[in-house]
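Reader: I would like a close look at the side-chain contacts in this structure, with the cut-offs behind each term spelled out. Please take the aromatic rings and then the charged pairs.

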Amino acid sequence: MFGKLFDRGGERPAADPHALPVPRRQKNGMYPLRALGDTRVLAVVEAAQAGDWEGVKRALHPFDLGRDHDVLGELADCDGLQDWIGRAVEDDKEHRATALLISGARHVIWGWEARSAARAVHVTQEQWKVFHERLHTAEEQLLQAAELRPEWVTPWCRLLTSGRGMSLGPAINETRLDAALRRDPLDLETHVEWVSQLQPRWGGEEGQALAFARDALARTPQGHRLGCVIAMAHIEEWVESEGEGCLDTPEIRAELRDAADHSILHPDHVRRTGWQNDFNMFAMALSLAGERHTVRRVFKMLDGAYTTWPWTYFADPEEQFARRHRRA
């Protein structure tokens with residue numbers, strides 16, 4: 001439905017009938033991607049913002065929320081969702097698993113909003129209290145959703161995030177990782193969560209995350225989006241180093257080029273709903289590495305479409321995207 005990405009003689013993917021019209025661009029040529037750039041996802045988001053549970057269920061019909069992390073993420077980011085989704089959990093027995101999943105995912109995001117992005121030493125006691133209360137609710141609801149729908153991978157991936165925040169320890173988090181990968185061994189979001197978990201700031205050791213990402217890439221079929229795990233592993237290395245030029249080496253540039261060619265730039269790659277998220281990962285990683293050729297192709301295909309993640313690692317994410325897009 002979404003066509004394939006080709007780079008042969010300028011051939012372009014087939015038009016997506018569900019694509020949102022590109023909004024008027026900002027002066028710097030970029031625009032924030034809304035609702036994954038998809039009219040159907042926008043319908044889901046608008047129903048959630050209106051507190052319309054019946055509308056959410058109708059709009060979700062084309063999607064498999066147990067596997068579609070991006071659509072679930074759009075719901076989890078809806079401010080105010082926590083004010084009414086609990087009623088759906090209690091009242092809608094037929095769709096209780098879906099309501100639990102959405103509510104649990106929202107409470108993870110809501111918890112991190114309370115904690116803020118500040119370093120742990122700058123988080124107040126009250127912030128920690130609210131953070132843990134919300135994550136505790138998330139844990140309960142996500143585990144219930146996983147029990148009701150044992151084939152779903154999304155609850156286990158979100159439980160990796162909450163488990164990291166709750167400092168539940170390696171044994172529990174590794175069990176959750178195994179549970180997610182049993183359901184989908186090539187699930188990108190699960191791999192990205194684990195790349196974060198393996199960072200020294202979360203108790204990992206230097207080099208662990210890259211080794212994990214490289215092993216994953218070695219098992220990844222050509223054209224599969226899991227190649228993005230290499231981009232995120234290098235971005236996380238940059239976050240840990242707090243040094244702008246740490247990725248600027250010939251070896252890293254070559255590894256990122258190879259991973260992009262293996263995944264998002266391969267002729268067998270199929271554009272999915274929210275494909276711009278994957279391209280933004282590579283755009284940021286390649287630009288941080290000072291790569292000049294593949295990054296140009298990636299930015300050209302994005303055509304100004306900016307996604308918040310992973311640029312929020314910068315203090316000025318939109319400005320960074322725009323500046324690096326211009327340089328490409």
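Author: What follows goes through the aromatic rings, then the charged side chains, and ends with one helix.

This is a predicted model, in which local features need pLDDT of at least 70 and side-chain atom pairs count only at pLDDT 80 or more, while totals for chains, interfaces and linings use all residues. Residues are numbered from 1 along each chain as its sequence is written, and side-chain values use heavy atoms, with hydrogens and water left out.

Rings of Phe, Tyr and Trp (for Trp, its six-membered ring) are paired if their centres lie within 6.5 Å, and planes under 30 degrees apart count as stacked, over 60 as edge-to-face and the rest as tilted. By this rule the count comes to 10 aromatic pairs. One of them joins Phe299 and Phe321, whose ring centres are 5.5 Å apart and whose planes stand at 70°, so the pair is edge-to-face. This pair links distant parts of the chain, 22 residues apart, with Phe299 in helix H14 (residues 294–302) and Phe321 in helix H16 (residues 317–327); helices here are DSSP runs (H or I, at least four residues), numbered from the N terminus. Both Phe299 and Phe321 are buried, a term that means under 20% relative accessible area, with exposed set at over 50% and partly exposed in between (1.4 Å probe, protein chains only).

The ring of Phe321 also pairs with that of Trp311, the centres being 5.5 Å apart and the planes at 85°, so this pair too is edge-to-face. Trp311 lies in helix H15 (residues 308–311) and Phe321 in helix H16, so the pair ties together parts that are 10 residues apart in sequence. Trp311 is buried, with a relative accessible area of 0%, and Phe321 counts as buried at 0% relative accessibility. These three residues belong to one aromatic cluster formed by Trp238, Phe299, Tyr306, Trp311, Phe314 and Phe321.

Rings also meet charges, where a charge sits over a ring if NZ of Lys or CZ of Arg is within 6 Å of the ring centre and within 35 degrees of the ring normal. Arg134 lies over the face of Trp110, at 3.6 Å from the ring centre, and Arg271 lies over the face of Trp275, at 3.8 Å from the ring centre.

For charged pairs, a salt bridge is a side-chain nitrogen of Lys or Arg within 4 Å of a carboxyl oxygen of Asp or Glu, and a search of the whole structure finds 24 salt bridges. Arg176 and Glu139 meet in one of these, at 2.7 Å from N to O. Arg176 lies in helix H8 (residues 170–183) and Glu139 in helix H6 (residues 125–148), so the pair ties together parts that are 37 residues apart in sequence, and both residues are buried. Glu189 forms a salt bridge with Arg225, their closest N and O atoms being 2.9 Å apart. Glu189 counts as buried at 15% relative accessibility, and Arg225 counts as buried at 13%. Both belong to a network of salt bridges that links Asp70, Glu189, Arg225, Arg272 and Asp278.

Finally, in H10, Ala209, Leu210, Phe212, Ala213, Ala216 and Leu217 are buried. The buried residues of H10 pack against H9, H11 and helix H12 (250–262), where contact means heavy atoms within 4.5 Å.

Terms used:
Helix = DSSP H or I, 4+ residues; strand = E, 2+ residues; numbered from the N terminus.
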